[in-house]
Amino acid sequence: MTTTHEYDVVIVGAGGAGMRAALESSQRARTAVLTKLYPTRSHTGAAQGGMAAALSNVEDDNAEWHMFDTIKGGDYLVDQDAAEILCNEAVDAVLDLEKMGLPFNRTEDGHIDQRRFGGHTRNHGEAPVRRACYAADRTGHMILQTLYQQCVKQEVEFYNEYYVLDLLLTEDPQAAAAGGEVAVAGVVAYELATGEIHTFRAKSVIFATGGAGKIFKTTSNAHTLTGDGMGIALRAGLPLEDMEFFQFHPTGLAGLGILLSEAARGEGAILRNSTGERFMERYAPTIKDLAPRDMVSRAMWTEVREGRGCGPHKDYVLLDLTHLEPAHIDAKLPDITEFARTYLGIEPYTDPIPVFPTAHYAMGGIPTNVTGQVLRNNTDTINGLYAAGECACVSVHGANRLGTNSLLDINVFGRRAGIAAAEYALATEAAPELPADAAAAVAGLVETLRKTTSVTGAESVAVLRRELQETMDRNVQVFRTAETLAEATAVIASVKERYASIAIHDRGQKYNTDLLEAIELGFLIDLAQLVVAGALAREESRGGHYREDFPTRDDAGFMKHTMAYATADGVRLDYKPVVVTRYPPMERKY
Ligand SMILES: Cc1cc2nc3c(=O)[nH]c(=O)nc-3n(C[C@H](O)[C@H](O)[C@H](O)COP(=O)(O)OP(=O)(O)OC[C@H]3O[C@@H](n4cnc5c(N)ncnc54)[C@H](O)[C@@H]3O)c2cc1C
């Protein structure tokens with residue numbers, strides 16, 4: 001059975017980006033928010049360290065320095081018009097949250113306190129600057145709760161545990177003529193509690209579905225970050241931008257990948273190798289441990305490869321907080337120090353913590369312009385379709401995101417997308433008619449998977465997912481070569497082939513998570529393929545993408561965004577110019 005709903009605006013995702021958009025959209029137009037998780041379980045709630053804005057509350061700072069740092073941090077793949085908006089609108093984004101009641105940490109005289117974070121500097125790289133606004137090490141939790149409370153107050157309509165699985169467009173975006181019109185008509189969702197399929201007809205749709213960290217095994221990301229929104233867009237014929245750029249955060253708990261925020265280093269923690277050396281002094285003499293994440297992660301891998309790793313297998317380095325006052329640690333870093341105690345049995349007051357890079361953030365995603373409108377090729381947009389947050393690529397993070405710029409991104413571009421989507425809906429008489437068989441693709445997918453319960457000798461979702469994640473961890477890491485990428489290509493191709501004959505165990509209609517995990521694995525496979533294809537073709541090293549066989553940045557050949565499409569013949573790659581307004585590419589030294 002299928003139920004049909006109608007709204008002006010449908011927002012997919014109730015993380016920071018989705019709820020910030022909802023606050024704007026629901027004031028202007030009839031809005032529904034569909035989310036596969038209960039809103040306050042979204043990954044934004046796991047964000048720890050802070051949100052960047054040049055408030056200059058504790059040190060001299062300004063939006064222009066922030067913009068420069070963002071562009072240099074992103075290794076000049078950042079679209080500079082978008083970065084300018086991000087940094088100019090940052091102060092208001094923080095003040096909006098403050099007015100909504102977010103309990104930021106305060107200075108003694110009552111202003112929002114700020115701390116240091118990697119790559120954020122004073123006067124174009126002179127020294128680290130205090131730019132991150134924070135609420136202890138649970139900034140994301142506070143943002144998510146604050147936005148949710150405001151949404152409840154504003155009576156935003158939530159559809160919780162609705163998995164959106166398809167996007168309805170008026171035309172195939174690749175078949176449509178260049179310059180021609182393609183519009184959004186709605187989405188199709190699967191209700192977890194009942195197994196029912198719902199179609200939502202809408203004038204505007206905003207995708208705010210978050211990241212895809214689960215393509216890797218060792219990751220800071222929640223289990224639910226399976227890149228659904230990106231995968232759905234790809235299957236609907238849209239390109240994904242810069243997917244080869246995945247950020248590895250330096251300080252995951254060794255062996256586990258659970259994140260210890262960069263705020264630890266912002267508060268003075270130091271990375272040390274097996275000789276006790278503060279090795280970042282060699283790699284980034286000016287800002288040391290507060291260099292951008294791509295550089296710190298490479299430095300850590302290099303220390304381990306050259307035999308200066310710690311522990312019985314010499315396979316991690318140490319994050320040393322022991323010189324910080326316990327009271328300071330308790331006030332500023334309570335959660336992450338508790339993680340070290342709980343998961344590794346380490347007391348951070350007295351012992352350094354074993355850490356190693358963990359897959360953390362997708363710089364790439366669904367391409368948009370600065371109002372959040374989705375692109376179907378290098379220039380044409382789709383009427384009524386928007387994307388914001390980690391699933392989108394606007395691109396403010398380029399080849400490497402600076403810490404604290406994502407919580408900023410979701411607020412700035414979530415807000416912009418919410419306003420633009422509502423305004424478009426108000427200016428549009430009616431949403432396009434839904435095709436009669438709008439729900440057919442999702443119904444077919446669900447039914448096919450349910451039937452597989454009786455097949456014997458079929459492939460297991462868990463086994464295939466592990467093979468996929470393990471090859472990504474091994475071969476598409478901080479360091480890559482043509483050889484490792486070729487191996488990953490082969491493994492993913494085999495996983496994809498075997499995925500066609502998976503079987504699930506649960507036949508039921510209610511809370512069939514077995515079924516949904518199988519569908520999510522499908523998205524992960526498609527996205528991993530794009531990451532590897534983009535990485536293989538990009539024969540240079542830039543930001544988070546480092547090719548040992550092409551170790552330098554090649555601006556003449558590759559200062560361009562990758563636009564990857566899924567076609568019947570496999571991945572097709574195209575490229576799009578980077579928007580440069582103020583800062584021509586320079587050597588990236590810290
Ligand atoms: C441990 C950790 C710490 C971090 N710390 C920081 C930090 O200190 N500062 C910083 O700037 N950044 C940080 N980040 C990054 C930042 O938190 C995220 O990039 C950002 O919060 C993403 O927000 P979002 O709204 O785009 O997505 P999310 O918050 O992940 O929300 C995604 C939403 O989409 C919904 N959804 C997904 N798929 C579907 C589907 N198929 N159907 C329906 N709904 C769907 C989910 O239910 C969810 O509501 C951190 C990330 C992690 C993992």
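Helix H6 (residues 228–235) is largely enclosed by the rest of the structure, since seven of its eight residues are buried. The structure in question is a predicted model. The residues of H6 that are tucked away are Asp228, Gly229, Met230, Gly231, Ile232, Ala233 and Leu234. Just past the end of H6, Gly237 adopts a positive phi of about 100°.

Helix H2 (residues 63–73) gives a similar picture, being mostly covered, with nine of eleven residues buried. Trp65, His66, Met67, Phe68, Asp69, Thr70, Ile71, Lys72 and Gly73 make up that buried set. What do these residues of H2 pack against? Their partners are strand E3 (51–52), helix H3 (80–88), helix H4 (90–100), strand E4 (114–122), strand E5 (127–133) and helix H12. The two ends of H2 have details of their own. At the start of H2, a side-chain oxygen of Asn62 comes within 3.0 Å of the backbone nitrogen of Glu64. Just after H2, Asp75 has a positive phi of about 55°.

Helix H12 turns up again around the ligand. The shell there counts 39 residues, and the closest are Ser42, His43, Thr44, Gly49 and Glu390. Several elements each supply at least two residues of this shell: helix H1 (16–28), strand E2 (31–35), strand E7 (162–169), strand E14 (353–362) and helix H12 (405–426). The largest share, four residues, comes from H12. Sorted by class, the shell holds 16 nonpolar, 19 polar and four charged residues.

Some of the contacts with the ligand can be picked out atom by atom. On the backbone side, an N or O atom of Ala14 sits 2.9 Å from an oxygen atom of the ligand, while an N or O atom of the Val164 backbone sits 2.8 Å from a ligand nitrogen atom. Ser406 uses its side chain instead, placing a polar atom 2.7 Å from an oxygen atom of the ligand. As for cover, the protein hides 97% of the 1000 Å² of accessible area that the ligand has on its own.

The UniProt record, an unreviewed entry, adds some annotation. It lists residues 8–407 as "domain: FAD-dependent oxidoreductase 2 FAD-binding". In the model, the C-alpha atoms at the two ends of residues 8–407 are 27 Å apart, and the span is 27% helix and 25% strand.

The same kind of record, again an unreviewed UniProt entry, places the feature "binding site" at His249, Ser261, His360 and Arg401. These positions span 153 residues in sequence, yet no two of their C-alpha atoms are more than 14.3 Å apart, so they gather at one spot.

Two of these annotated histidines are worth a look in turn. His249 belongs to strand E11 (residues 246–253). Is His249 buried or exposed? With a relative accessible area of 1%, His249 is buried. A polar atom of the His249 side chain lies 3.1 Å from the backbone nitrogen of Thr251. Beyond residues up to four places away in sequence, His249 touches Leu259, Leu260, Ser261, Glu262, Arg265, Arg293, Ser297, Phe356, Pro357, Thr358 and His360. Ser261 and His360, both in that list, are also among the positions of the "binding site" feature in UniProt.

His360, for its part, sits in strand E14, one of the elements that supply at least two residues of the shell around the ligand. At 12% relative accessibility, His360 also counts as buried. The side chains of His360 and Ser220 are joined by a polar contact of 2.6 Å. Setting aside neighbours within four places in sequence, the contacts of His360 are Ser220, Asn221, Phe246, Gln247, Phe248, His249, Leu259, Arg293, Glu390 and Arg401. Of those, Glu390 is listed with the closest residues to the ligand, and Arg401 is another position of the annotated "binding site".

Elsewhere, Thr146 occupies a place in helix H5 (residues 139–153). Its relative accessible area is 4%, so Thr146 is buried. A polar atom of the Thr146 side chain lies 2.6 Å from the backbone oxygen of Met142. Apart from residues up to four places away in sequence, Thr146 touches Leu97, Met100, Gly101, Leu102 and Pro103.

Note on methods
Residues numbered from 1 in each chain as written. Predicted model: local features only at pLDDT ≥ 70, side-chain atom pairs only at ≥ 80, totals over all residues. Heavy atoms only, no water. Near = heavy atom within 4 Å. Polar contact = N/O pair within 3.5 Å; in protein donor to acceptor, adjacent residues only side chain to side chain. Areas by Shrake-Rupley, 256 points an atom, 1.4 Å probe, with all protein chains shown as cover. Nonpolar A, V, L, I, M, F, W, Y, C, P; charged D, E, K, R; others polar. UniProt positions renumbered as here; feature names shortened; annotations may be inferred. Buried < 20%, exposed > 50% of the residue type's maximum accessible area, 1.4 Å probe, protein only. Contact = heavy atoms within 4.5 Å.
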